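Please open the model in your viewer and keep the selection tool at hand, since this tour moves from one selection to the next.

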Amino acid sequence: MDDQKSPTPENNPNADWNTIADEIITKYEFDKQEIEEEVIYHYTTPEGLIGILGNESFKLWFSKYDCLNDKSDGHYVYEVFNAIITDMRGSQQITEEFFQIVSDIRIYPIKYFPCNYLPSPESSSKEQLSDKAMSSQLYETYICCFSAVQDSLPMWNYYTKGTSSRGYNLCLSLAELRKEEGSYNYYDIEFQKVIYDEAGLSSLIRKLIIEVYENENCLPSIAVQIIIGSVLQNLRMLYKSESFKHEEEVRAILSVPYHLPKEDFTSTKEPPFIVDRKRMFRNCNGYVIPYFVCNFNKKALKGITTGPLIEPSTAWSGLSSLIDANGYKWISIEHSKAPIRY
């Protein structure tokens with residue numbers, strides 16, 4: 001055993017590495033921050049607003065996480081991890097051999113989804129399963145972003161970069177939105193509060209690396225990669241760079257299998273929030289953005305705030321007609337108090 005490692009009872013070459021791996025992964029399962037806000041705010045463009053206020057339902061777009069404006073979204077945790085293992089190698093806290101193992105981690109996001117039908121890859125036949133059946137699937141992540149701040153000047157700036165995009169924000173009941181939270185037939189949705197704490201994340205990752213390193217003697221290389229990869233995978237959508245702290249983001253996260261089962265494999269127990277099982281695509285500043293449209297209860301919408309560069313009385317007239325036409329008569333309309341002139 002390397003002199004730098006602390007002897008532990010787990011460093012037994014005859015130990016079951018699966019057990020050790022499970023224990024370490026479980027230890028680092030992160031307790032998500034409690035979302036204390038009763039209402040959250042979704043900032044959007046005028047075109048987005050019209051698309052959201054459906055007549056039969058309230059529609060939100062979930063965009064693929066790695067196509068959003070934050071280039072580090074979903075990757076930030078790995079950037080911090082790579083900086084830490086490089087530092088630990090330089091200070092000889094870990095060996096070069098261990099560094100090479102952990103620097104080559106490949107993430108394969110896998111999640112268990114409820115499924116009522118299991119497709120056969122060899123044929124078009126299908127096998128009906130019990131209501132409690134689960135299917136392990138590689139999945140993609142789609143996000144819908146909200147803010148805890150009602151009238152945020154930095155957030156408005158995203159929508160006041162030109163005369164064609166003035167911006168609105170929607171006041172939403174978090175309790176109503178969370179009624180659709182959970183796992184459904186090949187879909188999963190959850191709400192999380194984003195954490196902006198690089199020091200805390202760095203401390204957590206260092207502890208993880210040290211613990212895995214101390215157990216290296218009874219862990220094959222693949223187990224080391226599985227343990228660290230699993231923990232990083234669980235953290236990746238929770239943390240963002242402190243550069244985005246002003247957003248005070250709450251996010252809804254939609255997990256969808258890479259390969260959606262064909263339509264005839266779906267059960268009648270569809271998730272209530274899904275509008276269309278097919279991925280759709282839109283243009284955003286020249287980029288192609290994959291997205292899903294999801295359907296929520298109209299009662300989730302409590303109010304609309306018009307952007308600071310919109311003339312209030314004209315905006316109120318048009319909005320009033322829109323909300324009346326689509327059956328949102330209970331909501332309030334306010335104008336931003338942000339002091340922007342142009």
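The stops below take in two pairs of packed helices, two loop residues and some cysteines of this predicted model.

**The first pair of helices**

Begin by selecting helix H7, residues 198-214, together with helix H8, residues 221-235, whose axes lie 10 Å apart and pack at an angle of about 165°. Because an angle over 145 degrees counts as roughly antiparallel, H7 is described as roughly antiparallel to H8. The crossing of these two helices, H7 and H8, is right-handed. To see what holds the place between them, show the side chains of Leu201, Leu204, Ile205, Leu208 and Val212 on H7, and then those of Val224, Ile227, Ile228, Val231, Leu232 and Leu235 on H8, which together make the contact. If you colour this contact of H7 with H8 by class, you should find eleven nonpolar residues, with no polar and no charged ones.

**The second pair of helices**

Keep H8 in view and add H3, whose axis comes within 9 Å of the axis of H8 and crosses it at roughly 135°. How are H3 and H8 oriented to each other? They are oblique to each other. In this contact, Val77, Tyr78 and Phe81 of H3 meet Ile228, Leu232, Gln233 and Leu235 of H8. By class, the contact of H3 with H8 holds six nonpolar residues and one polar residue, while none is charged.

**Two loop residues**

Now select Gln92, which is found in the loop between helix H3 (76-90) and helix H4 (96-102). The phi angle of Gln92 is near 60°, which is a positive value in a residue other than glycine, and with a relative accessibility of 55% Gln92 counts as exposed.

Move next to Glu248, in the loop between H8 and strand S10 (249-257). Here too phi is positive in a residue other than glycine, with a value near 45° for Glu248, whereas its relative accessible area of 39% makes Glu248 partly exposed.

**The cysteines**

A disulfide is a covalent bond between the sulfur atoms of two cysteines. How many disulfides does a search of the whole structure find? The search finds zero. Select Cys284, which is in no disulfide, and look for the nearest cysteine sulfur, that of Cys67, at 9.8 Å; Cys284 counts as partly exposed, at 32% relative accessibility. Finish with Cys294, which is likewise in no disulfide and has the sulfur of Cys144 as its nearest cysteine sulfur, 8.2 Å away. Cys294 is buried, with a relative accessible area of 0%.

Methods:
Residues are numbered from 1 along each chain as its sequence is written. This is a predicted model: local features need pLDDT of at least 70, side-chain atom pairs count only at pLDDT 80 or more; totals for chains, interfaces and linings use all residues. Side-chain values use heavy atoms; hydrogens and water are left out. Axes are lines fitted to C-alpha atoms, for helices over the stretch in contact, and angles run from 0 to 180 degrees between N-to-C directions. Helices (H or I, at least four residues) and strands (E, at least two) are DSSP runs, numbered from the N terminus. Angles under 35 degrees count as roughly parallel, over 145 as roughly antiparallel, 65 to 115 as roughly perpendicular and the rest as oblique. A crossing is left-handed if the near helix is turned anticlockwise from the far one by less than a right angle, and right-handed if clockwise. Contact means heavy atoms within 4.5 Å. Ala, Val, Leu, Ile, Met, Phe, Trp, Tyr, Cys and Pro count as nonpolar, Asp, Glu, Lys and Arg as charged, and the others, Gly among them, as polar. Buried means under 20% relative accessible area, exposed over 50%, partly exposed in between (1.4 Å probe, protein chains only). A disulfide is a pair of cysteine sulfur atoms within 2.5 Å.
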